Amino acid sequence: MELYRHNRDKLIAFLQDKGLTDIAPADGAFYLYADLHSLSPSLESETFCAQLLKEAQIAITPGMDFDKDRAHDLFAFPTPVPQMRLTLPLTALTHF
């Protein structure tokens with residue numbers, strides 16, 4: 001559990017540094033849910049997830065899988081167990 005907590009905290013800090021200010025509490029989850037509107041009011045989660053996969057080879061989940069009311073605003077980012085598996089996407093995301 002400590003590794004999940006470490007990865008979660010690292011990912012939250014990284015996303016906040018990138019301008020994502022609306023991140024749902026993730027006390028026990030292994031996913032973070034974030035609202036894209038703080039980055040771009042017109043960007044939809046499906047488009048963002050597809051661009052991230054194509055350009056940075058990072059797979060995240062659009063909000064339609066979790067919240068039908070806010071599907072276009074949200075995305076989910078996993079906090080994997082091995083620390084190295086988190087470091088690689090964050091490095092790629094830095095250049096996205």
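**Close-up views of the predicted model**

**Figure 1. The two sides of helix α1.** In α1, E2 and D17 are exposed. The model shown here is predicted. Opposite these two exposed residues, α1 has a buried set made up of N7, R8, L11, I12, F14 and L15. These six buried residues lie on the same side of α1, because the arc they cover around the axis is only 165°.

**Figure 2. Length and end of helix α1.** The end C-alpha atoms of α1 are 23 Å apart, which agrees with the 22 Å that its 16 residues should span at 1.5 Å a residue. After α1 comes G19, a residue with a positive phi, near 105°.

**Figure 3. The largest nonpolar core.** In soluble globular proteins, nonpolar side chains tend to be buried together. The largest nonpolar core in this model consists of nine residues: L11, I12, F14, L15, L20, I23, A26, L32 and A34. At least two of its residues come from α1 (2-17), and at least two from β1 (31-35). With four residues, α1 is the element that gives the most to this core. A second core lies apart from it and has seven residues, including L36, F48, C49 and L52.

**Figure 4. Surroundings of A26.** A26 is one of the members of the largest nonpolar core. When neighbours within four places in sequence are left aside, A26 is in contact with R8, Y31 and L32. Among these partners, L32 also belongs to the largest nonpolar core, and R8 is one of the buried residues of α1.

**Figure 5. The salt bridge between R8 and D9.** The count of salt bridges comes to one. The side chains of R8 and D9 meet in a salt bridge, with a distance of 3.0 Å from N to O. R8 has a relative accessibility of 14% and therefore counts as buried, the cut-off being under 20%. D9, at 39% relative accessibility, counts as partly exposed.

**Figure 6. The chain as a whole, as context for the close-ups.** Three helices and three strands are present in the chain. Read from the N terminus, these elements follow the order α-β-α-β-β-α. The chain has 96 residues, of which 36% count as buried. About 5,800 Å² of the chain is exposed, and 56% of this area is supplied by carbon and sulfur atoms. Of the contacts between residues at least 6 apart in sequence, 54% join residues at least 24 apart.

How values were computed
Residues are numbered from 1 along each chain as its sequence is written. This is a predicted model: local features need pLDDT of at least 70, side-chain atom pairs count only at pLDDT 80 or more; totals for chains, interfaces and linings use all residues. Side-chain values use heavy atoms; hydrogens and water are left out. A nonpolar core is a set of buried Ala, Val, Leu, Ile, Met, Phe, Trp, Tyr and Cys residues joined through side-chain atoms within 4.5 Å. Buried means under 20% relative accessible area, exposed over 50%, partly exposed in between (1.4 Å probe, protein chains only). Contact means heavy atoms within 4.5 Å. The expected span of a helix is 1.5 Å times one less than its number of residues. The arc is that of the directions from the helix axis to the C-beta atoms. Accessible areas come from the Shrake-Rupley method with a 1.4 Å probe; for residues, only the protein chains shown count as cover. A salt bridge is a side-chain nitrogen of Lys or Arg within 4 Å of a carboxyl oxygen of Asp or Glu.
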